[in-house]
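Me: I'd like to learn how to read helix packing in a model like this one. Can we go through it together?

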Amino acid sequence: MNEQIPSSELEIMRILWQSTEPLSFAQIRTTLEVTTGWKKSTIQTLLTRLHKKGIISAQTSHVTLYTPNITEIEYLNNQKQNFINKLFDGSAKNLVASLLSDGQLSQSDVVELQQYFKMEGDTK
């Protein structure tokens, strides 16, 4: 799944990813009306878009139940790789080097990363 999910649709995906079971429109709507103030028609439009893209499934019996077709981890990993490919020529090393040279990482961040890389090396 190479498609980036717009932030409005991502709000719905976060609700679906947090649930262990399929959710009805009413359940999704209840959460979103509180957190975003969106109206019924907006939420339905976003669900329809996600369904048409194949990002979620909709099973209808008495009510329509929505489930994600990708996990949050799958989506995040894909978007992370797309970001690295697009901006850093596919090199995670170039990303980290950029963060270091721009001062985005503190000294404690660097130490923590060094410890992480050392632990990763020990497990391989």
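**Reading the helix packing**

Reply: Sure, start with one pair: helix α1 and helix α2 (residues 25–35) pack with their axes 11 Å apart, at an angle of about 120 degrees. This is a predicted model, in which local features need pLDDT of at least 70 and side-chain atom pairs count only at pLDDT 80 or more, while totals for chains, interfaces and linings use all residues. Residues are numbered from 1 along each chain as its sequence is written, and side-chain values use heavy atoms, with hydrogens and water left out.

Me: How are the helices and axes defined?

Reply: Helices are DSSP runs (H or I, at least four residues), numbered from the N terminus. Axes are lines fitted to C-alpha atoms over the stretch in contact, and angles run from 0 to 180 degrees between N-to-C directions.

Me: What word describes how α1 and α2 lie to each other?

Reply: Angles under 35 degrees count as roughly parallel, over 145 as roughly antiparallel, 65 to 115 as roughly perpendicular and the rest as oblique. So α1 and α2 are oblique to each other.

Me: Is the crossing of α1 and α2 left-handed or right-handed?

Reply: A crossing is right-handed if the near helix is turned clockwise from the far one by less than a right angle, left-handed if anticlockwise. The α1 and α2 crossing is right-handed.

Me: Which residues make that contact?

Reply: Contact means heavy atoms within 4.5 Å. From α1 you get E11, I12, I15 and L16, and from α2 I28, T31 and L32. For classes, Ala, Val, Leu, Ile, Met, Phe, Trp, Tyr, Cys and Pro count as nonpolar, Asp, Glu, Lys and Arg as charged, and the others, Gly among them, as polar. The contact of α1 with α2 has five nonpolar, one polar and one charged residues.

Me: At what angle do α1 and α3 cross?

Reply: Helix α1 (residues 7–18) and helix α3 (residues 40–53) cross at roughly 85 degrees, their axes coming within 10 Å. That makes α1 roughly perpendicular to α3. S8, E9, I12 and M13 in α1 meet I43, L46, L47, R49, L50 and K53 in α3.

Me: Where is S91, and is it buried or exposed?

Reply: S91 sits in the loop between α4 and α5. Buried means under 20% relative accessible area, exposed over 50%, partly exposed in between (1.4 Å probe, protein chains only). S91 has 18% relative accessibility, so it counts as buried. Its side chain reaches the backbone nitrogen of N94 at 3.0 Å.

Notes:
Helices (H or I, at least four residues) and strands (E, at least two) are DSSP runs, numbered from the N terminus. A polar contact is a pair of N or O atoms within 3.5 Å; within protein, one must be able to donate a hydrogen and the other to accept it, and residues adjacent in sequence count only if both atoms are side-chain atoms.
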